[in-house]
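I am opening a fresh page for this protein and will write down what I look up, entry by entry.

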Amino acid sequence: MTSKLFNRSNAKNSKPTRSKILPNLSKKQLGNLVPKRGNKIAPVIASVLLKAAGWRTVGEIPNIPQAVVLALPHTSNVDGIYAIPSLFALDLKISIMGKHTLFKVPVFAQLLNWIGVIPIDRGNKGSVLQASIDKFKTGKPLFLGLSPEGTRQYTKDWKSGFYYLAVGAGVPILPVAMDYNTKEIRFMPVIYPTGDIEADLPKIYAQYQGVMPRHPERLSQPLQDINQFAD
């Protein structure tokens with residue numbers, strides 16, 4: 001079915017069809033509340049690398065201090081080659097979770113902190129979900145990146161933890177897409193969860209309509225369905 005939805009080989013050999021709706025997104029457009037790295041050199045270098053690769057960042061990031069950021073679709077390790085420079089070019093700090101045991105080596109811990117890895121103790125209060133909610137409850141600026149597919153391979157369903165994390169922490173969900181057809185890292189409108197996951201998930205799925213991953217055959221079933229429905 002994915003072969004009918006996307007033709008990756010044609011996308012590679014043709015000029016990217018740029019988004020005509022979403023504007024270019026740059027470092028200067030980020031508001032004062034958005035978490036930033038505060039590095040002056042990295043954004044310049046990352047912008048050059050991103051441009052050389054033919055990628056760009058589009059959309060809008062609201063001036064908010066906290067959000068659960070969705071990284072989709074994630075079908076290849078290559079995704080990071082374009083995604084990471086896009087974040088550094090914006091000077092945007094998106095944190096991810098990692099086992100607290102990784103921070104036992106001081107030098108390695110400093111590197112992890114610089115990257116934006118947050119130590120999570122799986123034994124803390126009995127769940128990773130509660131530990132993650134607690135990170136938001138500190139009130140500090142935090143954009144926490146998650147991949148609800150949970151794998152780079154095909155999956156029938158998304159993991160729902162990201163949704164209940166956003167509800168429990170009282171923060172919005174910021175969908176971000178990697179589109180290999182347009183060569184864009186796309187920041188899309190935030191969604192404020194209502195607590196009704198059955199009503200909110202379709203709204204999130206819909207934002208990924210037409211987004212082409214590096215490996216279309218690995219696209220998760222919810223995103224296959226939204227594209228099939230669109231046809």
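**Entry 1, an unusual loop residue.** I began with Asp 91, which counts as buried because its relative accessibility is 4%, below the 20% that marks the limit for that word. I keep in mind that the model I am reading is a predicted one. Looking up its place in the chain, I found Asp 91 in the loop between H4 and strand S3, which spans 96–99. Its phi is positive, about 60°, although Asp 91 is not a glycine. I noted this because most residues other than glycine have a negative phi.

**Entry 2, the sheet.** In what order do the strands of the open sheet of 5 strands lie? I read the order as S1-S7-S6-S2-S5, and the pairing is mixed. Strand S1 (56–59) and S5 stand at the edges with a single partner strand each, so one side of each has no neighbour in the sheet. On average, and ignoring direction, neighbouring strands of this sheet are turned by 25° against each other.

**Entry 3, strand S6.** I then followed S6, where 7 of the 7 residues are buried, so this strand is largely enclosed by the rest of the structure. Ile 173, Pro 175, Ala 177 and Asp 179 point one way from S6, while Leu 174, Val 176 and Met 178 point the other way. S2 and S6 run parallel and are joined by 5 bridges; Ala 71 has Val 176 as its bridge partner in S6, and Leu 72 has Ala 177. S6 and S7 (residues 184–187), by contrast, run antiparallel and are joined by 4 bridges, with Asp 179 standing opposite Glu 184 in S7.

**Entry 4, the turn and a cis bond.** S6 and S7 form a hairpin with 4 residues between them. Lys 183, in the loop between these two strands, has a positive phi near 55° and is not a glycine. Is Lys 183 buried or partly exposed? It counts as partly exposed, because its relative accessibility is 29%. I also found a cis peptide bond joining Leu 72 and Pro 73, with omega at about -20°, and Pro 73 belongs to the loop between S2 and H4. For comparison, I wrote beside this that most peptide bonds are trans.

**Entry 5, helices against the sheet.** Helix H4 (residues 79–90) lies across S1, S6 and S7, and runs at about 55° to S7. H6 lies across S2 and S5, running at about 155° to S5.

**Entry 6, the nonpolar cores.** The largest nonpolar core has 31 residues, and those with the most contacts inside it include Val 68, Phe 136, Phe 162 and Tyr 208. Among the elements that each supply at least two residues of this core are strand S2 (66–72), helix H6 (128–137) and helix H7 (161–169). H7 gives the most, with 5 residues. Looking more closely at Phe 162, and leaving aside its neighbours within four places in sequence, I found it in contact with Val 68, Leu 70, Leu 146, Pro 148, Ile 173, Leu 201 and Ile 204. Apart from this core lies another, of 22 residues, among them Val 34, Val 69, Met 178 and Ile 185.

**Entry 7, a polar residue in a helix.** Last, I looked up Asn 227, which is found in helix H9 and counts as buried because its relative accessibility is 6%. A polar atom of the Asn 227 side chain lies 2.7 Å from the backbone oxygen of Leu 223.

Methods:
Residues are numbered from 1 along each chain as its sequence is written. This is a predicted model: local features need pLDDT of at least 70, side-chain atom pairs count only at pLDDT 80 or more; totals for chains, interfaces and linings use all residues. Side-chain values use heavy atoms; hydrogens and water are left out. A nonpolar core is a set of buried Ala, Val, Leu, Ile, Met, Phe, Trp, Tyr and Cys residues joined through side-chain atoms within 4.5 Å. Buried means under 20% relative accessible area, exposed over 50%, partly exposed in between (1.4 Å probe, protein chains only). Contact means heavy atoms within 4.5 Å. Two strands pair if DSSP finds at least two bridges between them. A polar contact is a pair of N or O atoms within 3.5 Å; within protein, one must be able to donate a hydrogen and the other to accept it, and residues adjacent in sequence count only if both atoms are side-chain atoms. Axes are lines fitted to C-alpha atoms, for helices over the stretch in contact, and angles run from 0 to 180 degrees between N-to-C directions.
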